[in-house]
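Visitor: Could you walk me through this protein and explain the words you use along the way?

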Amino acid sequence: MIFGKKGNISTLDDVLKSSWENLHNGVRNFRHPFYRPTLTTMNGNKPEARTVILREFSEIDRILICHCDARTPKVSQIRDNPNVSWLFYHPKKWIQLRFSGTASVHTDDKTAESQWKKVRLPNRINYCAEKPPGSPTEKPTSGLPSFLRDKAPKLLDHPEARKNFAAIVCRFDQMDWLLLKLTGNIRAKFHWKDNRIEASWVIP
Ligand SMILES: Cc1cc2nc3c(=O)[nH]c(=O)nc-3n(C[C@H](O)[C@H](O)[C@H](O)COP(=O)(O)O)c2cc1C
């Protein structure tokens with residue numbers, strides 16, 4: 001057995017079950033470390049990593065979803081090259097999860113609409129900057145229009161916000177699981193090909 005009493009992991013199937021449980025907890029609970037993964041995209045031949053919030057996870061469809069401003073560089077990077085990776089780390093359980101797969105950007109389809117409905121009003125402020133994220137400015141600023149600054153959250157239900165919203169949906173086909181242990185680290189790899197899965201323990 002790899003884990004003690006709290007989480008019995010003896011098989012590759014147990015690894016998957018505990019990974020899925022951590023990812024579902026990450027979506028539900030903003031205090032869970034899997035709430036804030038790192039998403040890496042390719043900018044030409046240069047990888048670019050950033051923290052995002054995990055908004056949805058499905059092990060059945062093998063998807064990971066985050067939201068962003070449609071004007072951010074990661075959107076055009078994914079449109080140019082859909083290969084992405086996601087990195088999760090749980091500092092108390094000492095577990096790292098790495099996923100790779102392909103992503104798509106949704107701005108005006110059913111997926112975008114259903115994801116937009118899940119964006120709470122106070123969070124809609126993230127899509128209200130007048131200029132695209134990453135635009136240079138003379139002084140430190142949120143870039144929000146003056147009529148929105150310091151206003152009640154309901155004002156944030158602003159039509160411009162919806163226009164700037166995008167959902168990034170990634171379908172993963174590989175997962176690398178690593179558990180750090182004083183008595184020796186343990187690692188497993190999973191590869192989905194069509195609907196088959198190849199799973200194996202590997203040397204860490
Ligand atoms: C805790 C945390 C959570 C974040 N969540 C998101 C997010 O869900 N979506 C997003 O686009 N940016 C998020 N950001 C900001 C990104 O890390 C990044 O700075 C921004 O999206 C610009 O990225 P880009 O220029 O590579 O597109 C978050 C940053 C932090 C620190």
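Here is a short conversation about the core, a strand and the ligand.

Guide: Welcome! This is a predicted model, where local features need pLDDT of at least 70, side-chain atom pairs count only at pLDDT 80 or more, and totals for chains, interfaces and linings use all residues. Residues are numbered from 1 along each chain as its sequence is written.

Visitor: What makes strand 4 largely enclosed by the rest of the structure?

Guide: A residue is buried if 20 or more other C-beta atoms, placed from the backbone, lie within 10 Å of its own. In strand 4, 5 of the 7 residues are buried, so the strand is largely enclosed. Strands here are DSSP runs (E, at least two residues), and helices are runs of H or I of at least four, numbered from the N terminus.

Visitor: How do you know that strand 4 and strand 7 pair?

Guide: Pairing takes at least two bridges found by DSSP. Strand 4 and strand 7 are joined by 7 bridges, so they pair, and they run antiparallel. Leu64 stands opposite Cys170 in strand 7.

Visitor: Which residues have the most contacts inside the largest nonpolar core?

Guide: They are Leu64, Ala166, Ile168 and Cys170, in a core of 33 residues. Strand 7 gives the largest share, 10 residues. Such a core is a set of buried Ala, Val, Leu, Ile, Met, Phe, Trp, Tyr and Cys residues joined through C-beta atoms within 7 Å.

Visitor: Which residues are closest to the ligand?

Guide: Arg50, Ile53, Cys68, Thr72 and Lys74 are the closest of 14 surrounding residues, each with its C-beta atom within 6 Å of the ligand.

Technical notes. A residue is buried if 20 or more other C-beta atoms lie within 10 Å of its own, exposed if 12 or fewer, and partly exposed in between; C-beta atoms are placed from the backbone.
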